[in-house]
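User: Could you take a close look at one strand for me and walk me through its surroundings? After that, a few words on other spots that catch your eye would be welcome.

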Amino acid sequence: MAPELLTPLDLAFWNIESSGHPLHMGGLFVFDADTPDAAERAAGLLVARAARTPGLNTRIRPVLLPLGSAARHIAPDYDPSDHVHLTEPVRDFHAAAGVLMQQPLERGRPPWAAHVLPSTEGTSFAVLFTFHHAHADGMRAASYVLSLLDPAGIGATPVPVGAPRRREAGSGLRLPDPRKLPGLVRDAVTDAGRAVSISSAMARAAWDVRSSPALTSRATGARRADGAVISLREVNRIREATGGTVNDILLAVVAGGLRRWLDKRGDGSDGVQPRALVPVSLRDPNDASASGNRLSGYLTRLPVDEAEPLARLRAVRRAMERNKQAGPADGPGAAALLADAIPPLGHRFGGGLIARSGRLFYDLLISSVPLRGADGLTLAGSPVREAYPLAPLAPGQSLAVGITTYEDRVCYGLLADAVAVPDLDVLARSITEEAAELVAVCGP
């Protein structure tokens, strides 16, 4: 397999990471153990399957041209047993995941890992999968995970096992065809206009920022993880009573959970409307095996200052409808697309500045990671009970929220700076309380 150049956005993710602020995403899967040795068997299966999964054996290395760029290469010494780790038994899966999420992945190896966490009770175990954001976006990471679980339990299309995916046209190190130069110039002008539009929208969105110190405190790099589970059936009951989309309801639950949390810690929620960045995948849903990040996003104000649950839901719905009408390509949430306007050397030497700029235009990340058609998942015969996506926490950010649906549950994965947000468990409880109140006000 020939080297595959990183896309500008991949390169940005690779360069904004530092040893104190790792930039990888995670997925914490909790299993009911069918036998006492289920965790050990799971670790062995993960090693065997990782050896056969294309993409997991690639590492990221710098290249001579273009200057400052990097590419994915097959790692000649790839050994999947270096990436799968069986830990000592733990009491709290979320607490263990938080500690592991603050440990950077080894940049000289393929940037992924799987930590198998047996429970002290022996009746369950968990696996924390981590992937560097330059290596995979949420959809690609989910596809990798599905390929590593038991094939009989997978309803979604996994990453193909067999020959590595061929490079896309244009990803090699060669000059453009002169006959295509007029089109390239036209595209460059279009991209420049889009960059101006996005930058202007970002500047407007930064005016009158009304966030909370809990979300804007200086981050330390330490990590804490937690999770909340609500009923998908109850979410659908709310949707039937109020209209709109399931995603609107899930965002409104976050807004209400934040309000309860801030009030409990004495910070107060009056006037608080934090800016939530909601990533939008630009990936072809039928091509989950394609490498590289393909992301834009919506930026929306969460109505944390609104006292009534249904009023919060209506406010979220209006904001998301405006975002969808504008589209994901030009608004303030489309900042990821600006990566295309920065040359590779700019990403390489300006990574620190780019990293610090994130907190200027959003206050928290809320990412939805689909597990399409993936009900009934198992590993070594043990069924998945819960699945918590852990969105990457960028430098300067205190909280990231990941959301996925699995069978009849909605799982919220929470990742926070451990110093800025020492009471993440309170936020997790507040989310379940908010969902329960929304069900109550919607009636039977």
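Analyst: Happy to help; here is the strand, followed by two other places in the chain. Please keep in mind that this is a predicted model.

Let's start with strand β9, which covers residues 275-281. Five of its seven residues are buried, so β9 is largely enclosed by the rest of the structure. Part of its surroundings is made up of strands β10 and β11. Strand β10, residues 295-301, runs antiparallel to β9 and is joined to it by seven bridges. Strand β11, residues 364-368, runs parallel to β9, with two bridges between them. Ala-276 is a good place to see both pairings: it stands opposite Thr-300 in β10, and its bridge partner in β11 is Leu-364.

Next, a charged side chain. Arg-259 belongs to helix α8, residues 246-264. Arg-259 is buried yet has no salt bridge. The nearest side chain of opposite charge is that of Asp-263, 4.2 Å away, whereas a salt bridge here would need a distance within 4 Å. Leaving aside residues up to four places away in sequence, Arg-259 touches Ser-269, Val-304, Asp-305, Glu-306, Ala-307 and Arg-312.

Finally, a look at the surface. Leu-64, Leu-65 and Leu-67 make a nonpolar patch of about 370 Å². Of these, Leu-67 sits in the loop between β3 (58-62) and β4 (70-74). With a relative accessible area of 55%, Leu-67 is exposed, because the cut-off for that label is over 50%.

Methods:
Residues are numbered from 1 along each chain as its sequence is written. This is a predicted model: local features need pLDDT of at least 70, side-chain atom pairs count only at pLDDT 80 or more; totals for chains, interfaces and linings use all residues. Side-chain values use heavy atoms; hydrogens and water are left out. Buried means under 20% relative accessible area, exposed over 50%, partly exposed in between (1.4 Å probe, protein chains only). Helices (H or I, at least four residues) and strands (E, at least two) are DSSP runs, numbered from the N terminus. Two strands pair if DSSP finds at least two bridges between them. Patches are made of residues with over 30% relative accessible area and no salt bridge: like charges are joined within 9 Å, nonpolar side chains (Val, Leu, Ile, Met, Phe, Trp, Tyr) within 5 Å. Accessible areas come from the Shrake-Rupley method with a 1.4 Å probe; for residues, only the protein chains shown count as cover. Lys and Arg count as positive and Asp and Glu as negative; His and the chain ends are not counted. Contact means heavy atoms within 4.5 Å.
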